[in-house]
Amino acid sequence: MTRIRRLEVYEVKLKLEEPFTISSGTSTYSHNVVVKFVDEDGRTGWGEGSPSYRVSRETVGSNIEAIKSVAGKIIGLDILKLERLREILAKIEGNPSAKTALETAFLDLMGKELQKPIYRFMGGYRDSIVTDFTISIRSPEEMAKNALKAVEKGFKILKIKLGVSPEEDVERIKRIREAVGPDVKIRVDANQGWKFDDAVYVLNKIADYDVELCEQPLEAGDLKGHARLRKESPIPIMLDESVHGVVEAVKAIEMEAVDFINIKLMKTKGVSEAVTLAHLAESYGIPCMVGCMGESRIGISMGVHFAQAIKNVMLVDLDADLLQAEFLVEKGGASIAPGGIRRVPEVPGLGVEKVDETKLIRRFTVGGGVEL
Ligand code: MG
């Protein structure tokens with residue numbers, strides 16, 4: 001039996017290549033929490049949280065406090081007793097990103113103990129996945145230019161951010177489709193930006209340009225609206241902000257408010273709940289996507305393991321690390337190849353081999369002789 005000996009918690013800020021704009025605002029960097037476990041054999045497990053106040057009412061500060069509140073219980077834990085970790089995580093209120101950071105670091109160690117990549121013992125369904133690439137909100141002309149650039153880089157699926165003004169949103173999709181041609185898959189995300197009538201208008205107009213699905217057209221709490229909209233929209237509806245975990249998913253599915261669910265490890269209460277959510281949705285015949293917040297390649301690699309592992313994770317939006325201008329992972333982690341193909345390395349655990357620790361700001365350490 002091998003136990004966790006030390007837990008280190010860090011904060012990190014990573015500049016984005018360009019400001020990233022969605023209907024609710026603009027960000028210029030990713031602000032994340034990084035967790036490092038060290039076990040009795042000196043092996044390390046890495047995990048990351050990328051909290052969103054807008055989506056889950058959590059911040060880097062609240063994540064760090066949440067981790068601190070359970071850190072003492074994690075020290076001494078057997079690295080194969082995942083359910084014991086989940087029992088500890090259940091004591092944390094809110095702060096889903098903190099839970100996922102801790103569970104990722106745990107799974108990294110578990111994989112090293114089992115000598116298997118995480119995805120192989122999580123389900124092992126596929127050997128690689130294809131991610132989309134996100135186009136942030138700009139003028140229709142600029143977005144068409146950026147979309148074409150992404151296609152020239154090799155991406156075959158684009159996720160277009162919308163939700164600003166209905167007329168312009170239609171123009172955005174028209175220009176983008178004209179620029180990229182018929183062979184590129186286009187999905188859109190309004191991030192709750194439309195009123196009901198706007199959504200009906202835009203979705204019926206952009207259906208002419210072959211749009212795969214629309215994510216979160218209306219406010220998160222408006223499940224009735226989404227159920228009504230599904231009947232008037234020629235484009236299937238995916239819920240993101242409305243569905244954090246299994247409880248909201250059941251409600252949305254029972255209300256017939258959803259065609260697809262966007263699972264994010266930063267919204268579910270850890271990685272295990274994401275697996276449960278994907279399986280639950282599968283039993284209702286609802287396919288899922290895995291999405292991301294502002295993770296570096298540490299958190300994104302966990303997402304790729306999840307997507308490779310689970311059959312019902314049919315769509316992938318794991319590109320946050322590709323939008324960053326600074327790199328935390330120096331070696332290893334999920335690779336990216338032309339076509340948007342991503343895969344994790346066939347090594348034990350998460351597969352992140354070297355982290356640039358000079359970018360990390362230490363917040364606290366517990367265990368290994370260090371007390372809180
Ligand atoms: Mg979304």
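User: How many residues of β10 are buried?

Analyst: Five of its five, so to speak of a strand that is mostly covered is fair. Keep in mind that this is a predicted model.

User: Which residues sit on which side of β10?

Analyst: Phe260, Asn262 and Lys264 are on one side. Ile261 and Ile263 are on the other. Both faces are covered.

User: What lies across β10?

Analyst: Helix α11, residues 271-283. It lies across β10 (260-264), β11 (288-291) and β12. Its direction is at about 170° to β10.

User: And how many bridges join β9 to β10?

Analyst: Two, and the strands run parallel. One pairing to look at is Met238 with its bridge partner in β10, Phe260.

User: What about β8 and β9, how many bridges there?

Analyst: Two bridges again join β8 (residues 211-215) to β9 (residues 237-239). These strands are parallel. Cys214 has Ile237 as its bridge partner in β9.

User: Zoom out. What is the strand order in that sheet?

Analyst: The order is β5-β6-β7-β8-β9-β10-β11-β12. That is eight strands in an open sheet with parallel pairing.

User: Which strands stand at the edges?

Analyst: β5 (133-135) and β12 (313-316). Each has a single partner strand, so one side of each has no neighbour in the sheet. From one strand to the next, the twist averages 30°.

User: Change of topic. Which non-glycine residues have a positive phi?

Analyst: Among them is Asp210, with a phi of about 55°. Glu256 also has a positive phi of about 55°.

User: Where are they?

Analyst: Asp210 is in the loop between α8 (196-206) and β8. Glu256 is in the loop between α10 (246-254) and β10.

User: Is Asp210 buried or exposed? And Glu256?

Analyst: Asp210 is exposed, at a relative accessible area of 52%. Glu256 is exposed too, at 51%.

User: Now Glu48. Which strand is it in?

Analyst: Strand β3, residues 44-49. Its bridge partner is Val34.

User: How many bridges join β2 to β3?

Analyst: Six join β2 (residues 25-39) to β3, and the two run antiparallel.

User: What sheet is that, and in what order?

Analyst: An open sheet of four strands, ordered β3-β2-β1-β17, with antiparallel pairing. β3 and β17 (361-367) are the edge strands. Each has a single partner, so one side of each lacks a neighbour in the sheet. Here the twist averages 20° from one strand to the next.

User: Which helix packs on it?

Analyst: Helix α4, residues 96-114. It touches β1 (4-22), β2 and β3. The direction of α4 makes about 155° with that of β3.

User: Back to Glu48. Is it buried or exposed?

Analyst: Glu48 is buried, and it has no salt bridge. The nearest side chain of opposite charge is Arg297, 9.5 Å away.

User: What does its side chain make a polar contact with, then?

Analyst: The side chain of Ser296, at 2.9 Å. In addition, the backbone nitrogen of Gly299 lies 2.8 Å from a polar atom of the Glu48 side chain.

User: Which residues does Glu48 touch, leaving out those up to four places away in sequence?

Analyst: They include Asn32, Val33 and Val34. Ser97, Thr100 and Ala101 are also among them. So are Met266, Glu295, Ser296, Ile298, Gly299 and Leu328.

Conventions
Residues numbered from 1 in each chain as written. Predicted model: local features only at pLDDT ≥ 70, side-chain atom pairs only at ≥ 80, totals over all residues. Heavy atoms only, no water. Pairing = 2+ DSSP bridges. Axes fitted to C-alpha atoms, helices over the stretch in contact; angles between N-to-C directions. Contact = heavy atoms within 4.5 Å. Buried < 20%, exposed > 50% of the residue type's maximum accessible area, 1.4 Å probe, protein only. Lys, Arg positive; Asp, Glu negative; His and termini not counted. Salt bridge = Lys/Arg side-chain N within 4 Å of Asp/Glu carboxyl O. Polar contact = N/O pair within 3.5 Å; in protein donor to acceptor, adjacent residues only side chain to side chain.
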